Amino acid sequence: MASYVEFGKCKMVRFSPTSVCTCRPSYPFPKAAALKRPVYPKFSLKLVFDGPKYALRASRAIFARRQRLRLIAVAARAEGDLLGAAGTPEEVNPASDSLAREKSSQLTKRVVFGLAIGFSAGGVVLAGGWVFTLALAAAVFVGAREYFELVRSRGIAAGMTPPPRYVSRVCSVICALMPILTLYLGQIDVSVTFAAFVVATTLLLQRRIPRFSQLTSAMFGLFYCGYLPCFWVKLRCSLAVPALHTRIAQAWPVLLGGQTQWTVGLVASLISISSIIAADTYAFFGGKVFGRTPLTDISPKKTWEGALAGIGGCIATTAVLSKLLSWPQSMLSAVAFGVLIFFGSLFGDLTESMIKRDAGVKDSGSLIPGHGGVLDRVDSYIFTGALAYSFVKMFLPLYGV
């Protein structure tokens, strides 16, 4: 065992595990933390193996433990002041720096792709007809695939039996065909009945024992991803009554369809889409600035203050566009239309948030950089088309012209 320790040029002293010893240096040690440049001597430590006893060589005297701790504290404070006076740069946390760069990159991607999607969607809505319907069918197909992937995720599948993959693919194809059949047949009922029959038959004929959860998730997928988007086709393409009082229609170029291009369906679709964008934007910034009270546990980031800002922005946008496009003629109808659009947008967003929360994922997909999946981008539009079409058909005489 080590019995002696040689510490610099010190004399030999007895050492035990309960005693704490140190050396008093031969130079004046700093007495305060305000020393500018303390000089520390170099010590050498040497263990001497000689018997079971422990000994330690100290410089001049043996201090008590309390004195030793005070000496160490003074030295540490002096060294800290010295480093601070020398202007040593603070360490930059690489994780926080990387996180800041990632957020900036995500924001750039979100803005760029958001503008690209906005201009493309605007052109598709103006074109109408088969261009609008085929673009909607493509979005429906991708959104249906994302929905059934969410259903098969661990979070949801842990408590139920998801549909087989081939059933999910069949449902996705049927959802994509439903808008096309709606435009071709002029109604939704036939396509929905046929789709439900095909899916139920496919599930009943599978090799394994069919489960009720498979049927319910598949049917909701047809309703959510296929049936509801068909109302956008009805809104844009079936309301072909000319918007006679719209000033912009009178100056619309003949090469782009002329005045007949501006129908009630086009005006109602533009107002609905613009109001949804305004509701999302005002709710986002209103929640960021004033948000204090959570709206629901489904989406913790949503607040009552943001919702009030969203509904205000939605109503204001609807009222302004109704004046510019001269539809609808009544301001009361425009305000009611804005309120309906807001609630359709909000509950569509919350419905998709509920599905993602149960699935345990943040985004439904990764197809659109900075935005996530297609469902993340169009969730506010899913219920809105049906509400807008029903409002125009039922509550506005002569479609509000």
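A salt bridge here is a side-chain nitrogen of Lys or Arg within 4 Å of a carboxyl oxygen of Asp or Glu. With that in hand, select Asp 376 and Lys 356: their side chains meet in a salt bridge, 2.9 Å from N to O. Asp 376 sits in helix α13 (residues 374-378) and Lys 356 in helix α12, so the pair ties together parts that are 20 residues apart in sequence. Helices, by the way, are DSSP runs of H or I with at least four residues, strands are runs of E with at least two, and both are numbered from the N terminus.

Before you click on, some housekeeping. You're looking at a predicted model, where local features need pLDDT of at least 70 and side-chain atom pairs count only at pLDDT 80 or more, while totals for chains, interfaces and linings use all residues. Residues are numbered from 1 along each chain as its sequence is written, and side-chain values use heavy atoms, with hydrogens and water left out.

**Stop 1: the salt bridges**

Stay on Lys 356 and add Glu 352 to the selection. These two side chains also meet in a salt bridge, 3.6 Å from N to O. Lys 356 and Glu 352 are 4 residues apart in helix α12, so about one helical turn separates them. Put the pieces together and you get a network of salt bridges linking Glu 352, Lys 356 and Asp 376.

Is Lys 356 buried or exposed? It counts as buried, at 12% relative accessibility; the cut-offs are under 20% relative accessible area for buried, over 50% for exposed and partly exposed in between, using a 1.4 Å probe and protein chains only. Glu 352 is buried as well, and Asp 376 is buried with a relative accessible area of 13%.

Next, pick Lys 302 and Asp 349. They form a salt bridge whose closest N and O atoms are 3.3 Å apart. This pair links distant parts of the chain, 47 residues apart: Lys 302 is in the loop between α10 (264-290) and α11 (304-325), and Asp 349 is in helix α12 (residues 331-359). Lys 302 is partly exposed, with a relative accessible area of 21%, whereas Asp 349 is buried at 17%. How many salt bridges does a search of the whole structure find? The count is 4.

**Stop 2: helix pairs**

Two packed helices are described by the angle between their axes and the distance between the axes. Show α10 and α12 together: they pack at an angle of about 60 degrees, with their axes 9 Å apart. The axes are lines fitted to C-alpha atoms, for helices over the stretch in contact, and the angles run from 0 to 180 degrees between N-to-C directions. α10 and α12 are therefore oblique to each other; under 35 degrees counts as roughly parallel, over 145 as roughly antiparallel, 65 to 115 as roughly perpendicular and the rest as oblique.

Now swap to α5 and helix α7 (residues 212-227). Here the angle is about 30 degrees and the axes are 9 Å apart, so α5 and α7 are roughly parallel to each other.

**Stop 3: a nonpolar patch**

Keep α5 on screen, turn on the surface and select Trp 130, Leu 134, Val 173, Leu 177, Leu 181, Tyr 184, Leu 185 and Val 190. Together they form a nonpolar patch on the surface with about 770 Å² of accessible area. Patch members have over 30% relative accessible area and no salt bridge; like charges are joined within 9 Å, and nonpolar side chains (Val, Leu, Ile, Met, Phe, Trp, Tyr) within 5 Å. Areas come from the Shrake-Rupley method with a 1.4 Å probe, and for residues only the protein chains shown count as cover.

Which elements give two or more residues to the nonpolar patch? They are α3 (129-151) and α5 (165-185), and α5 gives the most, with 5 residues. Leu 134 belongs to helix α3 and is partly exposed, at 48% relative accessible area.

**Stop 4: inside, and some backbone details**

Jump to helix α8 (residues 230-238). 7 of its 9 residues are buried, so it is largely enclosed by the rest of the structure. Among the buried ones are Phe 231, Trp 232, Lys 234 and Arg 236.

Then zoom in on the loop between α11 and α12, where you'll find Pro 328. A cis peptide bond joins Trp 327 and Pro 328, with omega about -10 degrees. Ser 326 lies in that loop too; its phi is near 55 degrees, a positive value in a residue other than glycine. Ser 326 is buried, with a relative accessible area of 18%.

Last selection: Thr 384, in helix α14 (residues 384-395). Thr 384 counts as buried, at 0% relative accessibility. Add Leu 228 and check the C-alpha to C-alpha distance: the two are 8.7 Å apart in space but 156 residues apart in sequence.
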